[in-house]
Amino acid sequence: MHDMSQFGDTTRVIQTWNNNVRVAGILLVEDDPSVRMALELALTRQGHSVTSYATGEEALDHIRARRPEIAILDVMLPGIDGVEVCRRVRKLDQLPVILLTARGDDLDVVVGLEAGADDYVVKPVEPRVLDARIRAVLRRAESASSDRITFGDLVIDRGALKVTLAGKEIHLTPTELRLLLELVRHPGQVLNRRYLLRAVWDHTHIADSRLVDACVQRIRAKIEPKPAEPVFIHTVRGFGYRFSPP
């Protein structure tokens, strides 16, 4: 059982947040009742509409019946854990996903990112941090412009949020698309991880650079003919990544 004091003075905190942001639907999955109640209260007071469950099975049923705008999943859930929920969602949907992970559990973070999570928040959860991450992920999901970019067989239609390779549609998550677009905007230039964290995730902590590496790996698996021998996104060791189409 978690100590409710980890959330500080929730009432005082949420009254200072920006009340102009509203989300139509957040799915929160956390098996600890006190943590779930505190987060649901904080996010609801912020103006979000929150539906919460204690298990991954309930979360999957809810997503099938009524798709939320974003899912927040605790990694350590009874039965189907948060990583497996994310993995199953990714097979059918590009629903934005944020994972809640135990402090210092790097394995959970890496596995979760490889499963397709868009971001993660380390426990104990600070509601203001979670709210900021939610808004950042949703901004990426909603961002679009009207131009069409072509690099040989790779075509990126930002207005339609659609990527095709040799005429076949490639399904990218909003975060994957945002990262690809950021790389494409600077062809031939090396973009370091710190820059990409700020531009794509709104993060400033360089320790979160694994977000970049995991996302690049997922993009390569989808757009590269041979992901182990990339022709679009190249690694510049010790620096970052460069988009250099053939």
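Let's start with helix α7, which lies across β6, β7 and β8 and runs at about 110° to β7. Keep in mind throughout that this is a predicted model. How many of the 11 residues of α7 are buried? The count is 10, so the helix, spanning residues 174-184, is largely enclosed by the rest of the structure. If you want to pick them out on the screen, the buried residues are P174, T175, E176, L177, L179, L180, L181, E182, L183 and V184. Notice that two glutamates, E176 and E182, are on that list.

Now for the strands underneath that helix. They belong to an open sheet of four strands, in the order β6-β7-β8-β9, with antiparallel pairing. The edges are β6, residues 148-151, and β9, residues 168-170, and each of them pairs on one side only. From one strand to the next, the twist averages 25°. Looking at one pair in detail, β6 and β7, with β7 covering residues 154-157, are joined in the antiparallel sense by four bridges. Within that pair, R148 sits opposite D157 of β7.

There is another sheet to show you, and this one has parallel pairing. It is open as well, with five strands in the order β2-β1-β3-β4-β5. Here β2 (50-53) and β5 (119-122) stand at the edges with a single partner strand each, so one side of each has no neighbour in the sheet. Ignoring direction, neighbouring strands are turned by 20° against each other on average. Helix α2, residues 33-45, packs on this sheet and touches β1 (26-29), β2, β3 and β4. The direction of α2 makes about 175° with that of β2.

Let me zoom in on β3 and β4 for a moment. Strand β3, residues 70-74, runs parallel to β4, residues 97-101, and four bridges join them. One facing pair to look for is I72, which stands opposite I98 in β4.

Next, a pair of helices further along the chain. At what angle do the axes of α8 and α9 cross? Helix α8 (residues 193-201) and helix α9 (residues 210-223) cross at roughly 80°, with their axes coming within 9 Å. The two are therefore roughly perpendicular to each other. On the α8 side the contact is made by R193, L196, L197 and W201, and on the α9 side by L211, V212, D213 and C215. By class, those residues divide into six nonpolar, no polar and two charged.

One last local stop is V231, in the loop between α9 and β11 (233-236). Is V231 buried or exposed? Neither label fits: V231 is partly exposed, at a relative accessible area of 30%. Setting aside neighbours within four places in sequence, V231 is in contact with E224, P225, S244, P245 and P246. From V231 to F243 there are 12 residues in sequence and 8.7 Å in space, C-alpha to C-alpha.

Finally, the whole-protein numbers. The secondary structure comes to nine helices and 12 strands. Of the 246 residues, 51% count as buried. The exposed surface is about 11,700 Å², with carbon and sulfur atoms supplying 51% of that area. And for anyone thinking about contact maps: among contacts between residues at least 6 apart in sequence, 59% join residues at least 24 apart.

Terms used:
Residues numbered from 1 in each chain as written. Predicted model: local features only at pLDDT ≥ 70, side-chain atom pairs only at ≥ 80, totals over all residues. Heavy atoms only, no water. Buried < 20%, exposed > 50% of the residue type's maximum accessible area, 1.4 Å probe, protein only. Contact = heavy atoms within 4.5 Å. Areas by Shrake-Rupley, 256 points an atom, 1.4 Å probe, with all protein chains shown as cover. Pairing = 2+ DSSP bridges. Axes fitted to C-alpha atoms, helices over the stretch in contact; angles between N-to-C directions. Parallel < 35°, antiparallel > 145°, perpendicular 65-115°, else oblique. Nonpolar A, V, L, I, M, F, W, Y, C, P; charged D, E, K, R; others polar.
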